[in-house]
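Please open the structure in your viewer and choose a ribbon display. The tour below proceeds by selection, one stop after another.

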Amino acid sequence: MNKNVAAWLLIGVFGLAGCGESEQAGESKLKLFVFDCGAFTFDDVTDFGLSNDETPVRDLFVPCYLIEHAGSTLFWDAGLALDLVGKGDVEMGPGVRVRYQRSVLDQLHDLGYAPTDIDFVAFSHMHFDHVGAANAFKASKLLIQRTEHVAAFEHGADNPVFEPALYSELATSTTTLLDGDHDVFGDGSVIIVSAPGHTPGHQVLYIDFPNTGPLVLSGDLYHFRESRALRRTPVFNTDAAQTLASMDKVEAFIKEKGATLWIEHDQALADTLKKAPAFYD
């Protein structure tokens with residue numbers, strides 16, 4: 001073979017290989033999918049520590065999230081109870097209505113996932129509107145603060161807004177008990193941040209996206225934008241002082257990381273977000 005031809009062939013082969021590596025390097029290994037897992041309407045918001053004159057907001061979004069990370073998956077928060085799907089507005093109590101149009105399990109199926117495909121499951125806390133589909137993920141490894149595990153599985157009936165039947169099957173799940181912050185995938189890209197007070201083991205989630213930028217999912221550290229601006233805590237929090245300390249911790253963390261905060265229940269924010277199968281990376 002002519003030496004010049006051979007040289008050009010080698011250049012072509014290694015050039016193509018380099019091009020492939022470059023393209024792969026440009027692909028994000030981190031993705032976030034947002035699911036609509038229901039909504040609330042409240043006639044009165046005073047239980048959230050706000051007067052009805054301090055916010056016009058009466059509708060709260062209920063999200064679920066899937067994080068993909070280099071072949072592994074984390075499911076965060078599980079929405080309203082699945083038996084509410086397709087029933088329209090349902091009265092949950094005086095002046096409180098919920099609705100849930102399409103099951104998150106069906107939304108996951110659209111992406112090619114069954115619950116048994118999910119590696120890790122974690123919840124900001126175990127209130128009923130965050131664990132509605134929890135039992136479907138009993139095969140996933142549960143990441144939960146030790147204090148929340150005790151509250152949920154040993155004293156669930158004693159804690160307001162807990163519905164143990166919604167998560168009871170996770171009692172035998174493979175579980176990692178957390179005593180503070182936790183690096184989910186070991187590379188700093190997804191971190192569970194302990195933020196107790198709303199419940200004994202409440203936590204928020206940090207995601208460091210290469211394109212979207214750093215993001216914090218609030219759990220129920222805040223329910224309304226005014227909750228954050230005015231530093232208000234719901235009357236049903238387990239520890240108001242601890243909640244305020246967690247607000248300070250998370251706000252300092254947000255500033256340190258240069259992160260954006262998504263208040264999970266913020267309906268106005270939710271209306272602007274891309275929903276699955278679209279994603280953030």
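The stops that follow lead through a sheet, strand by strand, in a predicted model.

Begin with the whole sheet. It is open and has eight strands in the order β4-β5-β1-β2-β3-β6-β7-β8, with mixed pairing. To find its borders, select residues 90-93, which form β4, and residues 175-178, which form β8; these are the edge strands, and each pairs on one side only. On average, neighbouring strands of this sheet are turned by 25° against each other, direction ignored.

Next, select strand β2, residues 59-69. Of its 11 residues, 10 are buried, so β2 is largely enclosed by the rest of the structure.

Add strand β1, residues 30-42. β1 and β2 run antiparallel and are joined by 10 bridges. Display F40 together with L60, its bridge partner in β2.

Now turn to β3 beside β2. These two strands also run antiparallel, with six bridges between them. Show the side chains of Y65 and W76: the latter lies in β3 and stands opposite Y65. Then move to the turn of the hairpin formed by β2 and β3, where two residues lie between the strands. One residue to select in this turn is A70, which has a positive phi of about 45°.

From β3, residues 72-78, continue to β6, residues 120-122. This pairing is parallel and extends over three bridges. L74 has F120 as its bridge partner in β6.

Finally, select helix α3, residues 146-154. The helix packs on the sheet, where it touches β7 (141-145) and β8. The direction of α3 makes about 100° with that of β7.

Technical notes. Residues are numbered from 1 along each chain as its sequence is written. This is a predicted model: local features need pLDDT of at least 70, side-chain atom pairs count only at pLDDT 80 or more; totals for chains, interfaces and linings use all residues. Side-chain values use heavy atoms; hydrogens and water are left out. Two strands pair if DSSP finds at least two bridges between them. Helices (H or I, at least four residues) and strands (E, at least two) are DSSP runs, numbered from the N terminus. Axes are lines fitted to C-alpha atoms, for helices over the stretch in contact, and angles run from 0 to 180 degrees between N-to-C directions. Contact means heavy atoms within 4.5 Å. Buried means under 20% relative accessible area, exposed over 50%, partly exposed in between (1.4 Å probe, protein chains only).
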